[in-house]
Each structure stands twice: as C-alpha cells, then as structure tokens.
Amino acid sequence: MIVLPPLFLPKSLSLSPLISDMDATTAYSLQRCKTLHLVRHGQGIHNVEGEKGNHVLLFDELFDAHLSPLGRQQVDNLRKQVQSCGLAKKIDLVITSPMSRTLQTAVGVFGSEGHSMTVNEENGAKSTLSGPPIVAVELCRERMGVHPCDKRGSISKYQSNFPVIDFNLAKSEDDILWKADTRETLEEVAARGMKFIKWLWSRQEKEIAIVSHGIFLQQTLSALVNDPSMKTDKLCTRFQNCEVRSVVIVDRSMMGSCNPGKIPGVLHLPSDVSKENIPRKEVSK
C-alpha cells in the first residue's frame, strides 16, 4: 500500500494518494465529494509471461489471464493491510473490472474477516462476503483488443465462480467489446476512463474501492490531472500489482466560498461532471 506526500495542482486544486489520512473528506463533509481507492489487480500469469516479450501476449493460452501464485500472495498481503489500517471498514462499495484477475483480487482483498478466498487457477475464486457490495463494471476494463489476456470470459461462468459479485451491469453474456484485430488507443482508454468517472459520480456511495488494471488506472488519473508537469509524477505512473492509491475528488460546482487550496488530499471533478447532469443511483447492500 503506497503512501505519498500531498501533491498540489494549480488554481488551488490538490491531490494526494494518502491511504491513512483522509481529513479532506471530513473538511468537505458539506460539499459533494468522493474518496476513491484505486487498486491494480495482483500479478497475473500474463504479467509473468509478458516478461519474455510482448509477442507472448498474443497467445490464446493467456485468455482472460488469472492470478499467478505470486499474485495470489499479493492479494493475501493486501487484504491484511486494508484490514489492519481500517480501510476495509470504510468502504461503501467495491467496483471491479469483469476479468478473472480483477474479480479474484476484489473478492480476495475486500472479503470480510473470517471468510477465506480459495483460488483455483482454472475456476477462479469462490467466497462468502458480508462486507460491501461488489459490482462488476465493463467501463473499468483493461485496454481492449488484440491481446487474448484482456478478453473476458462469459458472465454465467463468472457468476458461478464469483457468486458474491453483482454482474447485472454486464453488457452481454460474452465479450462483444474486445476485437481481435483492433486495440484501443491510449486516448480511447482515457476517454473511457472519464466516462467511468462520470458514471461513478451518479452513485450515492462516498467511499469506493475500484479494482482495475494498470493502463486503465494510469490513463484515467492522467486525464483527471490538468497540469502537464504532473503527468510524469509518481502519481500518474504505472501502478504496480496490488498497489493502492487513494484520492478525494470534489465537485467544483459545490465548493461555494470554501478554499480547497488549504486542504491537502483533494482532486477537483472536471466541470462537465456534475450532479445536475447525471441522475444518482445506488446499489443496495
């Protein structure tokens, strides 16, 4: 779990990936804000094989890559950390990409104490969860196309292997978004990331864990940061496996006379994302 010092953006905008200090949320309790805990999945078998060269990622054997043995250990370690620091009790909702490696990570990290995750390399994870709801969302998938490791499996199989996860938002039984001959550009991933943030802003939950992928998380954070000098900062670099970065996002239209420049740990929501434009939704626990 990574802890970085506060980072300040121009025009009184600031952002911090601090896990243990979320005083900004309290300071903005009367404003419209959300705390997001961004989690990259544990090491997948494609991460291991990919070290041999990018050409390996074209192998069909890596379809919907699951966690490697090290990845499963990383998930266990992160689970212990989020439990010990109290983060697990703060989460209102867990959102996960509908891929085996992210589903395994979401259940493994955010399952309630006393409920173990059993991981099978072929079938994934089965667990009982009495913690926050976990919802699978297509928008936060990894960069799509060409690489079989980034193509998801069938929803019915996922529902069988991950019964605690809500798959009602899935667009189809099989993966119709992944294309064998076309790979998303980084600009398209960033645009999808902003669409995801807009959707996220429609929700009522305030503290949300998002279990996703390295490229998606990196491009989404980069799109949220307006200062070009911040693009190469550690905050916007590629996530390590099972790394967590936390941010507070505030809707500028709700700021009033408050000066956020005095409070570290805040990232402003883009001006085109506001509650006036998007209906609010909620998943019942």
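**Exercise 1. Helix 5**

Task: Determine how many of the residues of helix 5 (residues 100–110) are buried.

Solution. In this predicted model, 11 of the 11 residues of helix 5 are buried, so the helix is largely enclosed by the rest of the structure. The cut-off for buried is under 20% relative accessible area. The residues that meet it in helix 5 are Ser100, Arg101, Thr102, Leu103, Gln104, Thr105, Ala106, Val107, Gly108, Val109 and Phe110.

**Exercise 2. Strand 3 and its neighbour**

Task: Find out whether the two faces of strand 3 are covered or open, and state which strand it is joined to by six bridges.

Solution.
Step 1. In a regular strand, side chains alternate between the two faces of the sheet.
Step 2. On one side of strand 3 are Cys33, Thr35, His37 and Val39, and on the other Lys34, Leu36, Leu38 and Arg40. Each of these residues is buried, and both faces are therefore covered.
Step 3. With eight of eight residues buried, strand 3 (residues 33–40) is largely enclosed by the rest of the structure.
Step 4. The partner is strand 9 (residues 207–212), which runs parallel to strand 3 and is joined to it by six bridges. Within this pairing, leucine 38 stands opposite isoleucine 210.

**Exercise 3. Strand 4 between two partners**

Task: Name the strands that pair with strand 4, and give the sense of each pairing.

Solution.
Step 1. Strand 4 and strand 9 are paired in the parallel sense over four bridges. Threonine 96 has valine 211 of strand 9 as its bridge partner.
Step 2. Strand 4 also pairs with strand 7, again in the parallel sense, over three bridges. Here isoleucine 95 stands opposite valine 135.
Step 3. For the side chains of strand 4 (residues 93–96), Leu93 and Ile95 point one way, Val94 and Thr96 point the other way, and all are buried.

**Exercise 4. Cysteines**

Task: Count the disulfides, and classify cysteine 33 and cysteine 85 as buried, partly exposed or exposed.

Solution.
Step 1. A disulfide requires two cysteine sulfur atoms within 2.5 Å. The count by this rule is zero.
Step 2. Cysteine 33 has 5% relative accessibility and counts as buried.
Step 3. Cysteine 85, with a relative accessible area of 38%, is partly exposed.

**Exercise 5. Salt bridges between loops**

Task: From the nine salt bridges, examine those of arginine 141 with aspartate 175 and of aspartate 150 with arginine 183, and state which parts of the chain they link.

Solution.
Step 1. The side chains of arginine 141 and aspartate 175 meet with an N to O distance of 2.6 Å. This pair links distant parts of the chain: arginine 141 is in the loop between strand 7 (134–136) and helix 6 (155–161), and aspartate 175 is in the loop between strand 8 (165–166) and helix 7 (186–201), 34 residues apart.
Step 2. Arginine 141 is buried at 0% relative accessible area, and aspartate 175 is buried at 11%.
Step 3. In the salt bridge of aspartate 150 with arginine 183, the closest N and O atoms are 3.5 Å apart. Aspartate 150 lies in the loop between strand 7 and helix 6 and arginine 183 in the loop between strand 8 and helix 7, so the pair ties together parts 33 residues apart in sequence.
Step 4. Aspartate 150 is buried, with a relative accessible area of 5%, whereas arginine 183 is partly exposed at 21%.
Step 5. Salt bridges with shared partners join Glu138, Arg141, Arg152 and Asp175 into one network.

**Exercise 6. Cavity and pocket**

Task: Describe the lining of the largest cavity and that of the largest pocket by residue class.

Solution.
Step 1. One cavity of 30 Å³ or more is found in the whole structure. The largest cavity holds about 80 Å³ of space.
Step 2. Among the residues lining this cavity are Leu36, Leu38, Phe196, Ile210 and Val247. The elements giving two or more residues to its lining are strand 3, helix 7 and helix 8 (214–224). Helix 8 gives the largest share, five residues.
Step 3. The cavity lining has 10 nonpolar, one polar and no charged residues.
Step 4. The largest pocket has a volume of about 330 Å³. Of its 19 lining residues, Arg40, His46, Asn47, Leu57 and Arg238 lie nearest its centre.
Step 5. The pocket lining has three nonpolar, nine polar and seven charged residues.

Key
Residues are numbered from 1 along each chain as its sequence is written. This is a predicted model: local features need pLDDT of at least 70, side-chain atom pairs count only at pLDDT 80 or more; totals for chains, interfaces and linings use all residues. Side-chain values use heavy atoms; hydrogens and water are left out. Buried means under 20% relative accessible area, exposed over 50%, partly exposed in between (1.4 Å probe, protein chains only). Two strands pair if DSSP finds at least two bridges between them. On a 1 Å grid over the protein atoms alone, a cavity is a set of points where a 1.4 Å probe fits but cannot get out, and a pocket is an open set with protein on both sides within 12 Å along at least five of seven lines; lining residues have an atom within 4 Å of a point. Grid points are joined across faces, edges and corners, and a volume is the space filled by probe spheres set on the points. Ala, Val, Leu, Ile, Met, Phe, Trp, Tyr, Cys and Pro count as nonpolar, Asp, Glu, Lys and Arg as charged, and the others, Gly among them, as polar. A salt bridge is a side-chain nitrogen of Lys or Arg within 4 Å of a carboxyl oxygen of Asp or Glu.
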